Amino acid sequence: MASLAPLSSATDPDVAALIAARPHLSMHAFDGLVLEGVPLAAIADALGTPVWVYGAGTMRARLKELQAALAGLDAHVHYAVKANDHLAVLSVFARGGAGADVVSGGELLRARKAGVAADHIVFSGVGKTEAEIRLALGEGIFQINVESAAELAMISQIATAMGRMAQVALRVNPDVDAGTHAKITTGKAENKFGIPYDDAAALYAHAATLPGVQPVGIALHIGSQILSTAPYRAAFARAAELIRTLRANGQTVSRMDCGGGIGIGYQDEPGASPAALAGAMRAAFGEMGLQLMVEPGRWLVGPAGLLLASVILTKGDERFVVIDAAMNDLVRPAMYEAWHGIVPLAAGNAVGATSLVDVVGPICESSDTFATSRALPRLPAGSRVAILDAGAYGAVMSSTYNARGLPPIAMVDGDRWSVIRPRQDVEAMWANETIPDFLP
Ligand code: LLP
């Protein structure tokens, strides 16, 4: 639970500290808050608020940093599409040489559409349907991570009928505690994910006897927003031990998928370092002649995305700052008590005396709250703010609750920007709805 910060705390960094910790952001007297080389006020002026803004240069730089940390290991990055599945984002990573980790047929097709080669796609997930397995085999993807004996049997059957050979890795549940929020931990025995560690060797041997499937390796993913290498080291050690057992039994094991989960600094906690992750991978698997994979989502895109909003009004003697973004846009604070930095867009709003305020959305739910007792400079009606680190699990988890259309999205790259999704208007929201004739 340590790593997902509460909505407020005595250690809240101030506006200057939030910006200083994020090299892609800067504050300027005339331009206000700037992402890469683009003043965010210009985007808010052009598109209105709420609006998402993604920094392509930031995403690209983070991918490069991760790839550099993995250099020397035979390791490949598969971006976890679920964190942010916009085609432009996928395209940034595809052009940067990353593959994709997908968890549905929809994500698989998005990755293909954005230019990810089929043989750079890994399919994870506890409940792949027959249609999804058929799609994956038809596309000829690199690997399917199998999460149960039942799924293994399904894949064997479908692949045999299609005359295909599925390369599969067994996703084992190493039963380690990733020390993260209960709702995003996945590597404990009580979680629904993966194959129990003690069953893995027998299932691997069984897989080797089945038609249509070829077991090629082991996969694991222990949770998300992990800020310590200790759980990785523990999980990797267990996986290495399993691989040694399998090899001693005469099985061929050539790949190890180390999962995602690398955490970022939302509040004042330092983010995880890819170099430390690479070190843990080297320590466990360095001498084993394995093809290694990682599948991070949040670390690559989280810091690169912002949600811009305008203050509609303040109330309760300025205690409540009501903004035009809401929990339907960014659900993380409501769902996980997640802490997100909030920074005024105008330089003039970013200085001066602070007071403790609750930043809330307009939806009729108490959980529609972005920050509680947050020390912020005065934010009058009409002023604008950026909610930070919203690039991962932001727009992908939005809904149209309260008939609020999905906000537009802009992508910045250096000093250029363009709209990559327009605002959803109300007609588009009801375009696919029909009223049946039989209603009296
Ligand atoms: N691989 C698998 C099999 C996963 O289930 C996940 C995330 C990832 C990779 C990528 O994890 P990442 O590197 O992004 O931590 N909505 C939550 C996070 C849910 C993560 C689910 N699985 C949040 O907003 O914090």
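Tyr-393 is buried in this model, with a relative accessible area of 16%. That value falls under the 20% cut-off, which is why the residue counts as buried. The model is a predicted one, and Tyr-393 is a handy place to start. Its backbone stands out a little: phi is near 55 degrees, a positive value in a residue other than glycine. As for where it sits, Tyr-393 is part of the loop that links β19 (384–387) with β20 (409–413).

That loop between β19 and β20 also holds Ala-403. Here again phi is positive, at about 50 degrees, although Ala-403 is not a glycine. Buried or exposed, then, for Ala-403? Exposed: the relative accessible area of Ala-403 is 58%, and the label follows because exposed means over 50%. So the loop carries a positive phi at Tyr-393, which is buried, and another at Ala-403, which is exposed.

Tyr-393 turns up again at the ligand. There, 18 residues surround the bound molecule, and Tyr-393 is listed among the closest, together with Ser-224, Glu-295, Arg-332 and Tyr-336. Which atoms come into play on the polar side? For Ser-224, an N or O atom in the side chain is 2.3 Å from an oxygen atom of the ligand. For Arg-332, the side chain again supplies the N or O atom, this time 2.6 Å from a ligand oxygen. Gly-297 takes part through its backbone instead, with an N or O atom lying 2.8 Å from an oxygen atom of the ligand. On its own the ligand has 590 Å² of accessible area, and the protein covers 92% of that.

Another backbone detail shows up at Pro-50. The peptide bond leading from Thr-49 to Pro-50 is cis, with omega near -10 degrees. Pro-50 itself lies in a loop, the one between α2 (40–47) and β4 (51–55).

Finally, there is the outer surface. Which residues make the nonpolar patch of about 400 Å²? The patch is built from Ile-435, Phe-438 and Leu-439. Of these residues, Leu-439 is placed in the segment after α13 (426–430). Leu-439 counts as partly exposed because its relative accessibility is 46%, a figure that sits between the 20% and 50% limits.

Notes
Residues numbered from 1 in each chain as written. Predicted model: local features only at pLDDT ≥ 70, side-chain atom pairs only at ≥ 80, totals over all residues. Heavy atoms only, no water. Patch = residues over 30% accessible without salt bridge, like charges linked within 9 Å, V, L, I, M, F, W, Y side chains within 5 Å. Areas by Shrake-Rupley, 256 points an atom, 1.4 Å probe, with all protein chains shown as cover. Salt bridge = Lys/Arg side-chain N within 4 Å of Asp/Glu carboxyl O. Helix = DSSP H or I, 4+ residues; strand = E, 2+ residues; numbered from the N terminus. Buried < 20%, exposed > 50% of the residue type's maximum accessible area, 1.4 Å probe, protein only. Near = heavy atom within 4 Å. Polar contact = N/O pair within 3.5 Å; in protein donor to acceptor, adjacent residues only side chain to side chain.
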